[in-house]
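Dear colleague,

I am handing over the structure we spoke about, and below it you will find an account of what was found in it. Please read the account with the coordinates open beside you.

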Amino acid sequence: MIEVASLLKKEGIPGDLFTHRIFSQEVNYEANSFQGYKKEEREGYGLRAINPEGKLGFYAFNRLLNPQEAVEKALEVSQLGDRVDFSIPTYPSTWEWEDFVDPRVENLDAQEMIELGDYILSRIRKECPQALVDVVISAGREEKSLLNHHEEELKFARTFFGVGVSANQTREGDILEVYAERSWGSRDIDVEGLVQEIVSKLEFSQRVADLNSGKYPVVFTPSGSLVLLIALFYGLNGKNWVFGRSPLEDKEGKVIFSSLFSLEEIQEPWALGSCPFDDEGIMTRAQKYLINKGKVESAFWDLWSAAKKGIKPTGNGFRGSYRDLPEPGFSSLRVKNGLRDSSTLIGELEEGLIVDSVLGLGQSNVASGYFSCNVHLGFYVKGGEIQGRVKDVMISGNTYQALFNLKEISRDSRWIGGRILLPYLLVEPIEVNK
Amino acid sequence: MMEVLEELIRLPRKGEYMEIRLENIFSTTIRVQNGVVERMRVGTDEGGYIRLLAPRGSWWFESFQRWDDLKDKVEKAIAGASLLPQSNIEVVRRAPVRDEHKVTLPDDFRFKSLEDKTSLLLLYDQVLRETSPFLVSSLVEYRDEFRQIYLANSDGSLIYLEEPDISVSFVATARKEDNIEIYRNGVAGKAGFELVKNQETLAQEIGQRAVLLLEAPSFSGGVYDVILDPVLAGVFIHEAFGHLSESDTLYRNEELKRIMAKGKRVSSSVLNVFDDGSLDNLRGSSPYDDEGIPTGRTYLIKDGHLDGRLHSRETAFLMHEEVTGNARTINYRFPPIVRMTNTAIEAGEASREDLFSDIERGLYAVEYIGGNTALELFTFSAAYGYLIEKGKIKELVKDVVLSGNLFQTLDKIDAVADDFRWTEVGGCGKGGQIGLPTPTGSPHIRLREVLVGGSHND
């Protein structure tokens, strides 16, 4: 593919070629039985080219075609493209970074994955013989590279490993489903913690608790916290600032959340998403505050949006796939943790709710921050004790108000999707409808 | 290509079931935002898969991109599958089918220039933005896609299909200070360029709707009598009952099979629900599903009683029922799984006005933002709604999210109107396969005592 870069150089066309390669394997179990093995190998290319008039063109392909054809197609598209205010980055030649490749993941074979699956299944079945358990184990390697019209190249590879488990318990008039996952760049995921999480969720769910509609303090678990973060991701998207549709665009430097709340982008090597450079060749920073003690510090900026705003990109241009142009996004995130354990927070709840997962995430007005969701898995707490699972209950509120009304953040955190490190968040009040 | 496939499907000789899919996708996506062509992408995506089940074995699935060395891939799949654990998986076998379905489009988008496509979008974008000074952002996204698909399987079937898909969607963002409202809508279909032409009125309506929502109050949460418009009613039945009719959710769950037993009363008698992948030219339609089974109509609910469910070859075999042609994949990267095609509530006899007449205080919920289901629980968000008072439609309201439970909500449908229509925009996600076209159809329907989220701000 260097030929494409050479051609760009020869013709004096600024441009870059993004390459994404993935090899992945998966085993899955359905309702306590082994179902099958899948493997996939794919690669794809996305070519950006800026024509002499300064207009951007893009062509994506996964089949090797001749370099001339790829460049011609991108230039053809560029004639109708947007006149862009950025230039294609140059890459540092002296910069060194490591790939994050765990040979134990890269060389994993189907048999080992099946052994692990069998083990997880037997552990959960032993503790909860009545449950029907689905397990998905996936592993693989991905590689991203960029080649620009100076014939400079950036390359980064990582492995990924993930286990997702859901357990189902069906009775007349009641279908219960609980889910837990662990994902990481290396083989070191906490399988015991995962099993324990499923088992305790099933145990706490055996009783269905009743509660009345009203306003309650709510403890959002790490996975439940996503309810509050979805709208924030929209608000922090630099493109939404440029287009005037983010409520945060005029709040930079202002304190609008609880001083307990800090959100930062971090480069934790084995966290999925962490990377030395983003998908357009801008170096990522080791650590960057988006929200610091309640104050809006920064947002996610790709080249395009940063140029429109007249600022420097922040290394936040990411592509959904090789077929997509970069959009503002993030690598790995962390919500700063607090001082006391989640168990203490829950133990001190006079009366309230724990929300672990919801239905309808992101299906309210993400722009204004409004959310209204059905609680998929949640527990009613009274006198500091979990009374049982709640059913047919909705929670609603506004992300911006809720993060202002944050009462406490737990000391303990967990990685969600191997990419966002989240503690438990205690918010009061949240509207509950039944 | 057919000759190559013909030879390949004879390779497994020990009673294995094998499928090969080869697929070529040509697509164009253009996105105009605030008067600027912000994204334009043309591309090709080529690939395929081999799926193989050894007798008493389990599934082997490999997805790839290159169509060369297919023989080698098949041989490796046969060897690989023989090493997998045993299971009770088996599939329904059928007589071989040889068929070829080519498509002719009235105004074929493949022969339209990028310039033609772009200038139309710029026009819509302008119409949208000029609706109101409160519109801070307009987005018009166009997508066309032409697929060529080869399916071959151990029945000896060889099928070639062409599948066009085209859509244009509009997103309007209106704003007054920190009050921001997004409203979106569009058109989609198995059609040519003619479908996306002359949509200026729609663009304008979308802009106006976003601005109207700025002034609308949030709906107060609680339990209400609700009328769903045909669009939202379609999403409702998809979430509330469609997903549970997909047999892969229950074929290994004895208790759920009992709950979902055929003939059981599951709703009031006014309700009739079907899934039909053989309807002419809807986005969920195809002459064959992705396992090469002819599509057809399956009644899920007849006069309030559970009548049937949706099957793949595998679930039909294990449940000793007929295949229904509902195994679908979004593309060559994923195996076919049990999915809906075009799912609908059949028209009833009431007039739309009848539905409203005896509601003292209720909600008229219109169009949708999204929907979700987790077996018995489901939720669906309306794009907007209206208060109903004494049978009359009153003020516009926003932030309308409804939720329900399989065991109670279907029974609350007490009236079905006669104004049936299909909705083609939108897609469904399941098992990591997101964006599958699953049109829904319905007339207006009425439900009693539905839980609606929201604050008590009155």
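Two residues are taken to be in contact if their C-beta atoms, placed from the backbone, lie within 7 Å. Please keep in mind throughout that this is a predicted model.

On that criterion, 55 residues of chain A are in contact with 63 residues of chain B. On the chain B side of this interface, the element that gives the most is strand E2 (residues 36-53) of chain B, with 11 residues. Sorted by class, that side of chain B holds 24 nonpolar, 24 polar and 15 charged residues.

A view of the interface from chain A can start at A:Gly36, which is placed in strand E2 (residues 33-50) of chain A. A:Gly36 has 23 C-beta neighbours inside 10 Å and therefore counts as buried. Leaving aside residues up to four places away in sequence, A:Gly36 touches A:Asn28 as well as B:Ser58, B:Trp59, B:Trp60 and B:Phe61. The C-alpha atom of A:Gly36 is also 9.6 Å from that of A:Ile114, although the two residues are 78 apart in sequence. Strand pairing crosses between the chains here, since E2(A) and strand E3 (residues 59-64) of chain B run parallel and are joined by 5 bridges. Within this pairing, A:Tyr37 stands opposite B:Trp60 of E3(B).

Turning to chain B by itself, there are 9 helices and 24 strands. The C-alpha atoms of chain B fill a box of roughly 70 × 55 × 35 Å along the principal axes. The radius of gyration of chain B is 24 Å, which agrees with the value near 23 Å that a compact globule of 458 residues would have. Of those 458 residues, 55% count as buried, and among the contacts in chain B with a separation of 6 or more, 75% are between residues 24 or more positions apart.

Chain B is divided into domain 1 (2-215) and domain 2 (222-452), and the centres of these two domains, taken over C-alpha atoms, are separated by 23 Å. Between them, 35 residues of domain 1 of chain B are in contact with 25 residues of domain 2 of chain B. The elements that give two or more residues to the domain 1 side include strand E1 (17-33), strand E5 (135-153) and helix H4 (200-215) of chain B. By class, this side of domain 1 has 15 nonpolar, 9 polar and 11 charged residues.

One residue of strand E2 of chain B that may repay a look is B:Arg51. B:Arg51 counts as buried because 24 C-beta neighbours lie inside 10 Å. Residues up to four places away in sequence again being left out, B:Arg51 touches B:Met18, B:Glu19, B:Trp59, B:Phe61 and B:Pro335.

Finally, chain B contains an open sheet of 6 strands with mixed pairing, in the order E11-E10-E9-E14-E23-E20. Strand E11 (305-306) and strand E20 (421-423) of chain B each have a single partner strand and stand at the edges, so one side of each is left without a neighbour in the sheet. E20(B) pairs with strand E23 (residues 440-442) of chain B in the antiparallel sense over 3 bridges, and the bridge partner of B:Trp422 in E23(B) is B:Gly441. Helix H5 (residues 230-242) of chain B packs on this sheet, and its direction makes about 115° with that of E23(B).

With best regards

Key: Residues are numbered from 1 along each chain as its sequence is written. Chains are lettered from A and ligands numbered from 1 in the order in which they are written. This is a predicted model: local features need pLDDT of at least 70, side-chain atom pairs count only at pLDDT 80 or more; totals for chains, interfaces and linings use all residues. Helices (H or I, at least four residues) and strands (E, at least two) are DSSP runs, numbered from the N terminus. A residue is buried if 20 or more other C-beta atoms lie within 10 Å of its own, exposed if 12 or fewer, and partly exposed in between; C-beta atoms are placed from the backbone. Ala, Val, Leu, Ile, Met, Phe, Trp, Tyr, Cys and Pro count as nonpolar, Asp, Glu, Lys and Arg as charged, and the others, Gly among them, as polar. Two strands pair if DSSP finds at least two bridges between them. Axes are lines fitted to C-alpha atoms, for helices over the stretch in contact, and angles run from 0 to 180 degrees between N-to-C directions. Domain bounds come from an automatic or database domain assignment. The radius of gyration is taken over C-alpha atoms; the globule rule is 2.2 Å times the number of residues to the power 0.38.
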